[in-house]
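Reader: I have a new model open on my screen and would enjoy walking through it with you. Could we take it one question at a time?

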Amino acid sequence: MNNVFVDLKENSYDVIIKKNSFSSLNKELKERNLYGNILIVVDKSVNKTHSTKIEKFVKSHKGKIEKLILDINESKKSFETLNKIYDKLIKKNFGRDSLLIAVGGGIIGDICGYAAATYSRGIQFVQVPTTLLAAVDSSVGGKTGINFGSVKNIVGAFYQPELVLIDFNFFTSLKEREILCGLGEVIKYAFLSNNEFFLFVQANIKKLLKSSSAQINKAVYES
């Protein structure tokens, strides 16, 4: 396991990078004294492929928990989708002592982050990125938002998560095109950062395309 501590003046947080780490999510939440009133928002395609592990988390949680499944794509990164999250929170009587968990790619993370930033003037938020691109890019840094009309990410806020949990098991169901999207960001970081990391990526391209755990671990950690 490789953890990265995002050290900020305020709202610092851990990025946990570990295979099978989702199975210990309840433990990680408890250790950080995060709220037990949870709305977990899951991408529909992720839920279809990984429903067993997600349901196990839901059933093992000992507090109030609700689940919302969203069929999401770039065109649905909108107020309409945001309203579905607000509607669920309100109808199920979630207050300021609530935790929103986003399980999916960058679109789910961005929408949930903005919902967390604005609901009850801010509630706790955890990112569980399920794509390589989200893991190395959008899940860290606190940039959240939605599209408005044809303008991408024009409505949003900077809002840091309480925790980012990256479980490589989610990557196993990704298509090669989705891995390539994330690998493009990894190559960019390697090119901009240091020669050692660039040579590692160059030497392990084929393994990274197959989501080989050891190589993905290092690529995500370095990125």
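Reader: Let's start with a single residue: does Ser78 count as buried or exposed?

Author: Happy to, and do keep in mind that this is a predicted model. Ser78 sits in the loop between strand S4 (65–70) and helix H3 (79–91). Its relative accessibility is 18%, and the cut-off for burial is under 20%. Ser78 therefore counts as buried.

Reader: Which residues is Ser78 in contact with, leaving aside its neighbours within four places in sequence?

Author: Contact here asks for heavy atoms within 4.5 Å. With the sequence neighbours within four places set aside, the partners of Ser78 are Ile111, Ile146 and Asn147.

Reader: Thanks! Now the core: which residues touch the most other members of the largest nonpolar core?

Author: In soluble globular proteins, nonpolar side chains tend to be buried together. Here the largest such core holds 45 residues. Helix H6 (residues 176–193) gives the largest share of this core, 5 residues. The members that touch the most others are Ile40, Phe57, Ile101 and Phe171.

Reader: Let's zoom in on Ile101: what is it in contact with beyond its neighbours within four places in sequence?

Author: Ile101 is among the members of the largest core that touch the most others. Once neighbours within four places in sequence are left out, its contacts are Leu25, Leu29, Ile38, Leu39, Ile40, Val41, Phe57, Val126 and Val128.

Reader: How many residues are in the other core that lies apart from this one?

Author: Among the members of that other core are Leu70, Leu100, Ile108 and Ile111. Ile111 has come up before, as a contact of Ser78. The size of this other core is 23 residues.

Reader: On to pockets, my favourite part: what is the volume of the largest pocket?

Author: Rolling a probe the size of a water molecule over the atoms shows where empty space is left. The lining of the largest pocket has 34 residues, and Gly105, Gly106, Ile107, Thr131 and Leu133 lie nearest its centre. Elements giving two or more residues to this lining include helix H2 (44–60), helix H4 (106–118) and helix H5 (132–138). The volume of the largest pocket is about 880 Å³.

Reader: By class, how many residues in the lining of the largest pocket are charged?

Author: The lining divides into three classes. Nonpolar residues number 10 and polar residues 14. The charged residues number 10.

Reader: Which helix gives the largest share of the lining of the second largest pocket?

Author: The second largest pocket holds about 200 Å³ of space. Among the residues that line it are Asn26, Lys27, Tyr35, Ser60 and His61. By class, this lining has 4 nonpolar, 5 polar and 3 charged residues. Its largest share, 4 residues, comes from helix H1 (residues 25–31).

Reader: How many disulfides does a search of the whole structure find?

Author: A disulfide is a covalent bond between the sulfur atoms of two cysteines. Cys112 counts as buried because its relative accessibility is 0%, while Cys181, at 43%, counts as partly exposed. The number of disulfides found in the whole structure is 0.

Reader: How far apart in space are Ala190 and Val201, C-alpha to C-alpha?

Author: Ala190 belongs to helix H6 and, with a relative accessibility of 1%, counts as buried. Beyond its neighbours within four places in sequence, it is in contact with Phe197, Phe198 and Val201. Ala190 and Val201 are 11 residues apart in sequence, and their C-alpha distance is 7.3 Å.

Reader: And Gly141: which residues is it in contact with beyond its neighbours within four places in sequence?

Author: Gly141 is in the loop between H5 and S7. A relative accessible area of 37% makes it partly exposed. Gly141 and Phe158 are 17 residues apart in sequence and 8.0 Å apart from C-alpha to C-alpha. Set aside those sequence neighbours, and the contacts of Gly141 are Tyr13, Phe158 and Gln160.

Reader: One last backbone question: what is the phi of Arg121?

Author: Most residues other than glycine have a negative phi, and most peptide bonds are trans. Arg121 is in the loop between H4 and strand S6 (124–129), and at 78% relative accessibility it counts as exposed. Asn20, in the loop between strand S2 (13–17) and H1, has a positive phi near 70°. Arg121 is not a glycine, yet its phi is positive, at about 65°.

Technical notes. Residues numbered from 1 in each chain as written. Predicted model: local features only at pLDDT ≥ 70, side-chain atom pairs only at ≥ 80, totals over all residues. Heavy atoms only, no water. Disulfide = S-S within 2.5 Å. Buried < 20%, exposed > 50% of the residue type's maximum accessible area, 1.4 Å probe, protein only. Core = buried A, V, L, I, M, F, W, Y, C linked by side-chain atoms within 4.5 Å. 1 Å grid on protein atoms, 1.4 Å probe; cavity = no way out; pocket = protein on both sides within 12 Å on 5 of 7 lines; lining within 4 Å. Points joined across faces, edges and corners; volume = space filled by probe spheres on them. Nonpolar A, V, L, I, M, F, W, Y, C, P; charged D, E, K, R; others polar.
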